[in-house]
Amino acid sequence: MMNSLVTLDWVVIAGYFALLLGVAWWVVSQKQSNSEDYFLAGRNMGWFVVGASIFASNIGSEHVVGLAGSGAADKFPLLIYELHAWVVVLLGWLFLPFYVRSGVFTMPEFLEKRFDPRARWFLSLFSLAAYVLTKVSVTLYAGGIVISTLLGVTFMQGALATVILTGIYTVLGGMRAVVYTETLQAIILVIGAACLTFLGLDAAGGWESIRETVGPEYMNMWRSMDDKDYPWHWLALSSTIVGIWYWCTDQVIVQRVLTAKNIKEGRRGSIFGAFLKLMPLFLFLIPGIIALVLKMRGELEWDTPDQAFPSLMMAILPAGLRGLVAAGLMAALMSSLASVFNSCSTLFTIDIYKKLRPDASEERMVQVGRIATGVVVLLGVLWVPIIERLAGGTLYEYLQNVQSYIAPPITAVFLLGIFSSRINSKGALFTLFTGIIIAAIRLILEVYEDTLPVDSFLYEFASMNFLKFSAFFFLYCVAATILVSLFTPAPDKAALSGLTINTVSEEQRKENNQSFSLIDILTSLFIVAIVVYVMAYFS
C-alpha cells in the first residue's frame with residue numbers, strides 16, 4: 001500500500017511554494033520596462049544561474065516520469081539521450097560565440113542574419129507550433145500523472161492548478177523570474193531526487209542486488225545492430241542529431257545562455273549545465289529500475305511504467321522528505337513549463353509581432369509578450385486531452401520519437417550554416433520546407449500504418465525504425481542543403497562577418513580565445529570522460 005502525504009509533508013510543500021512565490025514577487029517588483037530585460041533578464045546573469053537554469057528548463061516532469069518509466073520498462077538504451085552532457089559542452093564552445101556576436105534574442109533571428117527573413121519566419125512559426133504540440137502539452141500530461149498520484153486529485157485538476165500558477169509568475173516576471181525560480185527549483189529537485197535514489201538503493205539491498213535481480217542484459221544500453229527497437233549504430237547517430245538540435249539550436253535552452261553577461265559566463269554556464277545534465281541517470285533512471293526490482297519482489301505495486309517514480313516515492317520515503325520530493329517534482333513541472341512559456345512569448349514578440357509592428361514601443365513589446373504567454377498556456381491546456389490519448393508506451397519514448405522527426409532539418413541547416421559560408425538561403429529554405437513535409441508524411445503514415453498494404457513502399461516508409469529513419473532523414477537534409485546551395489549563387493561574404501567559421505575576423509578570434517582559461521578546458525574534458533565511462537559501464 002502506498003502511503004499518503006501527512007501534515008509534515010504539506011508543511012514542507014507549503015514552505016516551498018511560499019519561497020517560490022517570494023522569489024517571483026521580488027522579481028516582479030523590479031522594473032522591467034524594456035524588452036531585453038523582460039525576455040533576456042537584461043543579459044546580466046552569472047554562470048551558476050545560467051547552468052542551473054539550463055538544467056531546470058531541461059528536466060521537466062516528462063523526464064521524472066518518463067525517464068524513470070524507461071528504467072522500469074526495459075528501455076535502457078534511451079539512457080543515451082541523458083548522456084548528452086558533451087553536446088551541452090559543444091553549445092558553449094562552438095555555437096555560443098556565433099550567437100553572442102550576432103546580438104540576437106532568438107534562434108530564428110540568427111537564421112535571418114545568416115540566411116534571410118524567410119528562414120526566420122519559418123523557424124518562428126514551426127517552433128511555436130512544435131512547443132505547443134510537444135513541450136507544453138507533454139509536460140502538462142506528465143505533470144497531471146505526477147500530481148494526481150501524489151495529491152489524490154484528478155489528472156486535469158492537477159495539471160490545471162500547476163499551469164495556472166506557473167503562468168501567473170511567468171507572465172508577470174518574464175525571463176528574470178524564470179531563471180531565478182529555476183535556480184531554486186533545480187536545487188530542490190536535485191536534493192529531493194538524490195534522497196529518493198539513496199533510500200531506494202537501501203530498500204532494494206544495494207546496487208549489486210539490483211543488478212542480480214534484473215540481470216546484466218537488462219542494463220545493456222548497446223543492443224545489437226539488428227535489434228528491432230534500438231540498434232546501437234542508429235541510436236548513436238539519431239540521438240546525436242536530436243541532441244545538437246535540442247541543446248545547441250532550440251530557443252528554450254539557448255535563451256538561457258543568452259542571458260549571460262558575456263561569452264565567458266555563458267560558456268561556463270553551459271559547462272556547469274553539462275555537469276548537472278549527468279545527474280538524471282542517478283536521479284531518475286535508477287529510481288525507475290529500483291521500482292521495477294521492488295515490484296518483481298512483490299514489495300511495490302504500480303500499473304504503468306510512467307507511475308514508477310511517484311509510486312516509489314510514496315512507498316519508501318519518510319514524512320517530510322516525501323513532501324520535499326513532492327515539491328521537487330512540482331518544481332520540475334513548473335520550471336520546464338515556465339521555460340517554454342517564456343520562450344514562446346519571446347519567439348512571438350520578437351520574431352513575429354516586431355516584424356509586423358517595427359515601431360512598437362518597449363512597453364508595448366512587454367505587454368504583447370505577456371499576452372502571448374497567456375495564449376500559449378491556454379493552447380497547452382486544450383491540447384492535454386489529445387496527448388492523453390496519443391502517449392502510448394512510455395512518455396519518454398514518445399517524446400524522443402517525435403523529436404527524431406523534428407530535429408534533422410534544423411540541425412543540418414544550423415551546422416552547415418556555421419561551418420560553411422557557401423551555404424545560402426535557397427539551400428536552407430529548401431531543406432527546411434521539404435524537411436517539414438517529409439516529417440509530417442512520416443507521422444501521418446505512422447498513425448495509419450495498420451491500414452497500409454504490407455508489401456508497399458508506404459508501409460516500409462511508415463514502419464522503418466524511427467532511429468534509422470532519423471539518420472537517413474538527416475543525410476537527406478545535409479545533401480539537399482549542399483546541392484541546392486552549390487547550384488545557386490553564393491551569398492555575400494561581407495554580410496556573413498562573424499557568423500561562420502571562415503568569416504570570423506582576427507579580432508573576434510582573439511576576443512574568443514581570451515574568454516576561456518585552462519580550468520574551462522579541463523572541466524569540459526572531465527565531463528566528456530564521465531560520459532565515456534558511463535557508456536562503457538552500461539555495455
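Me: Before we get to volumes, what counts as a pocket here?
Reply: This is a predicted model, and the search runs on a 1 Å grid over the protein atoms alone. A cavity is a set of points where a 1.4 Å probe fits but cannot get out. An open set with protein on both sides within 12 Å along at least five of seven lines is a pocket.

Me: OK, how much space lies in the second largest pocket, and which helix gives the largest share of its lining?
Reply: The space comes to about 170 Å³. Trp47, Arg268, Phe275, Asp520 and Ile527 are among the lining residues, and by class the lining has seven nonpolar, one polar and two charged residues. Helix 12 (263-277) and helix 22 (518-537) each supply at least two of them. The largest share, five residues, comes from helix 22.

Me: What about closed spaces: which helix supplies the largest share of the lining of the second largest cavity?
Reply: The whole structure has four cavities of 30 Å³ or more, and the second largest has a volume of about 100 Å³. It is lined by 14 residues, with Leu123, Ser127, Tyr131, Trp245 and Asp250 the closest to its centre. Helices 6, 7, 10 and 17 each supply at least two lining residues. The largest share, five residues, comes from helix 7.

Me: And out on the surface, is Ile371 buried or exposed?
Reply: Ile371 sits in helix 16 (residues 362-390). Together with Val375, Leu378, Leu379 and Leu382, Ile371 makes a nonpolar surface patch of about 480 Å². The cut-off is over 50% relative accessible area, and Ile371 has 52% relative accessibility, so it counts as exposed.

Terms used. Residues are numbered from 1 along each chain as its sequence is written. This is a predicted model: local features need pLDDT of at least 70, side-chain atom pairs count only at pLDDT 80 or more; totals for chains, interfaces and linings use all residues. Side-chain values use heavy atoms; hydrogens and water are left out. Patches are made of residues with over 30% relative accessible area and no salt bridge: like charges are joined within 9 Å, nonpolar side chains (Val, Leu, Ile, Met, Phe, Trp, Tyr) within 5 Å. Accessible areas come from the Shrake-Rupley method with a 1.4 Å probe; for residues, only the protein chains shown count as cover. A salt bridge is a side-chain nitrogen of Lys or Arg within 4 Å of a carboxyl oxygen of Asp or Glu. Helices (H or I, at least four residues) and strands (E, at least two) are DSSP runs, numbered from the N terminus. Buried means under 20% relative accessible area, exposed over 50%, partly exposed in between (1.4 Å probe, protein chains only). Grid points are joined across faces, edges and corners, and a volume is the space filled by probe spheres set on the points. Ala, Val, Leu, Ile, Met, Phe, Trp, Tyr, Cys and Pro count as nonpolar, Asp, Glu, Lys and Arg as charged, and the others, Gly among them, as polar.
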